[in-house]
Structures are given as C-alpha cells and as structure tokens.
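Reader: I'm new to this, so please keep it simple. I'd like a close look at just one part, the metal site.

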Amino acid sequence: MDVFAGNSRNADTDLVIVGVFEGQTSSLAAWSTATKAETDRATASKEFSGKLYETFITPLIEGGFRAGRLAVVGLGEQGDFTVDRARRVATAIGLTARQKKIARIAFTADGGLDSPEMIRALAEGLTLAEFDAGRYKTSGYEPFELRALGIIVSERSKVAAEEAVRRGRIIGAHCNMARDLDNEPANALTPTVFAERLADIARGWGLAADVLDHSELERLGMGMLLGVGRGSAEPPRLVAIRYEPAGAPQSPVLGLVGKGITFDTGGISIKPAADMDRMKDDMAGGAAVACAMCAMAELKAPIRVIGVIPIAENMPGGRAIRPGDVLKSASGKTVEVINTDAEGRLILGDALWYAQQLGATHLVDIATLTGAIGVALGKITTGLFGTPPAFVEHVRGVAEQAGDRCWPMPLFEEYKDLLRSEIADMLNTGGRMSGAITASLFLREFTGGLPWIHLDIAGTAWTDDNKPFMPKGPTGVGVRTLVELAFTSNAWSGFGK
Ligand code: BES
Ligand code: MN
Ligand code: ZN
C-alpha cells in the first residue's frame, strides 16, 4: 500500500477519496475548484450530505490531478466518529470502487483522520475490501481486483503514517486469510487438510508448528477431542503453534485456543437440515488464532504466544459417541455427554489443558460455541466471558477499537448447578436456558484457575446479509483483537500473579 505525502494532486492513483462529516459539506468547496460545481450541485440537491457510507463520485478534469476521479464519502456525525467507523468507511468505499471497476484508489487522511490510529484503520479497511469469495465459481464470475491502494497524508505525518499503514495492511491481510479458510467447504477442508494448512501458513511466517495425530492425542489422553472425532471417517488433529521471539520475557505466555470443528452435523444429536451448511465455519475460532499469530510474527509482537487448535469433524458415524456416554478428559475430569451437539466445549476443554502443558500463563479462547449467544446478543456483538473482571474489561476495550465489538456476560456460580451429573464430574450441557453461560462455565473447569477470556463468536463469525462495510459471509472476527492483545501485555500480564 502506498503512502502519498503532500498534495493529493500528485497522488499516482485513479480515484482520490475524501471523507466528509455529516452537515459539513462546505469543507468540499475549499477542497478543489476542479470539482466545485459538481459537489455544490450534489450537496444542494442532497444527493450527498455526509451521512455514513454515502458516496458521491465525480470526475477531476482540471486542477492538475493525476487521478481522474474524486470520491466523496460520508463519515456520519463528527461526534459519533470512531476508529472503527474509519475502518468501515474505508472498506465501504473500497468495495464500491471494486464494483465500479476502479483498480487504483487512495484515501485522503486529513482533518480528523490524520492520527496514526485512524491511518492504520483506513489501511485495514481498504485491505478488508480486497477479500473475494468466488474461488469455486467457474462461470459468470469476473473477480475485479483492487490493484493499488494508497493513503494520502501530509508531509508532516509521513513517517508515522508509513508505519501505521504497514500495520493496518498486515492485520487486514491476515483477517482476509481467516475469512478464506472460513469459506472453505468441509469436503475440501477436512481435519487433516485444515491442520496441515494451519501448520503450513504458520511455518511460512517463521513460527514453530506441530500437528498431533490420532496416536499422539491418545498418548496425551485427550478423551474429549477423540470422543468428538470418533463419529467421522476423518481422524481428529490438534495443531500447536509457538511464537517465541528472541529476547521476549519468560512470562507472560499468552495461550490462544481456537475451536476447529471443520463441520458440525451435531453428531448423533443431529441438527435439523435448514442452514446446516453454515456449520462449515465452525472452525472460525481456530482460523482466527492461527492467522492472528502469523500477523503477530510479521509485526514482531514482543511476547511469547502459544496457539492450540483442536480439530475434528462432528459426524454421526457408526463409531460416534452417544448421548449418555462418559468421556475422560486429558485433565482427568470426566464428562457425561448428554448432547453430542455440544462438541465445541469438549474439544476446547482438552485444548485449554494442553495450552497449560505448553506453558501458557494467560488463556484466551475463541469459538463458534453456542446458538444461545446469538439469541442473547444477535449478530452484532461477540459474547465476552472470563476472569478476572479487569482482564475482561481490557479485552472489551481492545476489541472495541479493533472493530470486534463484544460485551461482558456473567458467570455466577449458581449457573453451575445446571451442569451437575449423577454419574460423572459434570454434564456437557446445561440445557437451553442460559446456554452460552453454562458453556463458558464448562470451559472454566479446564482453565486451571489461570486468567482466562472466552469469546463466543457463534453470532458474529458470519453475516447473512450484505452490509456496506461487510459482504455476506465470513467476517474474520477476533483476528484483530487477538493481535492487539499481544501488543498490550503491560495491561494484563499482572493478572493472576
Ligand atoms: N457450532 C454450534 C454453535 C453454533 C450455532 C454456531 C449457530 C454458529 C451458529 C455448537 O457446536 C452447537 O451446536 N451448540 C449447541 C449447544 C447445545 C446443544 C447445548 C447449540 O447452540 O444449539
Ligand atoms: Mn454443535
Ligand atoms: Zn459446533
């Protein structure tokens, strides 16, 4: 991505983009005489008034611009503007440019948009607009690629902008990588393939990656992961990724755990047919962990990070576990599986234990865990659980800035009664009521009392409708938040001491 410093006239691009706050269209007059007549007309007729995502494109025929066109994009009310809005506006205009087959675009980072945080968000947003989902189409599909993206900044901010753009670019690209994996159908992305893909991309960024196969999982006693995998002809796997930068302190060690169910039929407690196809993205948490760690490596995050991704296909085969079966976890705890569709928490329980074996001092898991979180928070907000409360609050703030909005949910002890089993240490589900909370309490049993965060992304990993800033499909939720956590350890490394 290019950084053009100085005058937007000199930016070597096809489309110069400028943002305008609602009701502040008069700022356009000062911007260029080359477009004044047209922007005056558009604002007088209310064709453009600065509402969020509103877009107006006009030719730049005079005034000495290298670009042939100007795009004016609405930023909404100035008082409501945030880093996340900057990111979204940049994606929206990037998607519009693609639709209009404009391949080279540059966003003007002036006014309220010239801080490093804003510039980085613009770079992330433009990069997110590059995501394309058409790889399996063979006809009627002409992918149009953005060929050159740029940010136009003042001479004065050039140095800081270069670094901000680099970061935004890397983070956006790794988000898109996760979205690509989420889109892969389950016949292409079997547990074996998914595990190898994650290990390959991790090694490509210089990370150490191990793929544990069936016999190694047996040796470790991961009865819950093995149990979930039993119903499928495709054997389960576990991927462990280690990022150990030279000179990093021994502690903290951030342990990231991501759910990697390549397809969730529900198992013997089988799901209804409607929308079952969506269950191919039940590995979105696992993809987010691996892709975030690659971004950390590329950005040279300063702390040690361990990624653990338990991977299985939840199928109702002849060897599948049955409702009522008891599984023994790697930690030694026993679980009565009363619903085989509550499989995510089973594989995560063994993975949380393993992250501790590898030395994690702080745990963060991310999973498309429960339909119940969608009922509670819809498709806008990720469910945020964990302990201690200050850790939860830190993650909430970081996620907000990263554009992964999430909100704290309670873990009151009384809910635990719902998981009581007559014959084992616990049940694997507490039923429909408070389903996202009991799922979290189940996970907590495997955190060894460490500081721990659980992100339930079942509602947010996928969108069902096209939004100006996000096309239908996988969202890459969580990647940006996880990356940010690796850069803010000063705020959380003291927890749990
Ligand atoms: N993968 C699902 C959760 C899910 C639901 C993700 C909808 C995305 C969209 C998970 O494994 C599941 O099936 N959870 C059950 C738990 C229940 C059996 C206690 C659920 O939410 O119905
Ligand atoms: Mn399930
Ligand atoms: Zn699932």
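Author: Let's start with the whole chain: a compact globule of 497 residues would have a radius of gyration near 23 Å, and this protein, at 24 Å, agrees with that. (The radius is taken over C-alpha atoms, and the globule rule is 2.2 Å times the number of residues to the power 0.38.) This is a predicted model, so local features need pLDDT of at least 70 and side-chain atom pairs pLDDT 80 or more, while totals for chains, interfaces and linings use all residues. Residues are numbered from 1 along each chain as written, chains are lettered from A and ligands numbered from 1 in written order, and side-chain values use heavy atoms, without hydrogens or water.

Of the 497 residues, 59% count as buried (under 20% relative accessible area; exposed is over 50%, partly exposed in between, with a 1.4 Å probe and protein chains only). The protein has 15 helices and 20 strands, which are DSSP runs numbered from the N terminus: H or I with at least four residues for helices, E with at least two for strands.

Now for the metals. The zinc ion (ligand 3) takes its protein donors from Lys259 (NZ), Asp264 (OD), Asp282 (OD) and Glu343 (OE), at 2.0 to 2.4 Å. Donors here are N, O and S atoms within 2.8 Å of the metal (3.2 Å for Na, K and Ca); water isn't among the atoms, so sites may look incomplete. Around the zinc ion (ligand 3), six donor atoms subtend angles of 78 to 172°, which makes the arrangement octahedral. To earn that word, six donors need opposite ones over 155 degrees apart and all others between 65 and 115; four donors are square planar by those angle limits, or tetrahedral if all angles lie between 85 and 135 degrees, and anything else is irregular.

The manganese ion (ligand 2) is the neighbour, 3.2 Å from the zinc ion (ligand 3), and Asp264 bridges the two. Its protein donors are Asp264 (OD), Asp341 (O and OD) and Glu343 (OE), lying 2.1 to 2.2 Å away. Six donor atoms surround the manganese ion (ligand 2) too, but their angles run from 70 to 169°, which makes that arrangement irregular. Here a pair links distant parts of the chain: Asp264 sits in strand β10, while Asp341, 77 residues away, belongs to the loop between β13 and α10.

How covered are these residues? Asp264 has 3% relative accessibility, so it counts as buried, whereas Asp341, at 21%, counts as partly exposed. Glu343 is buried as well.
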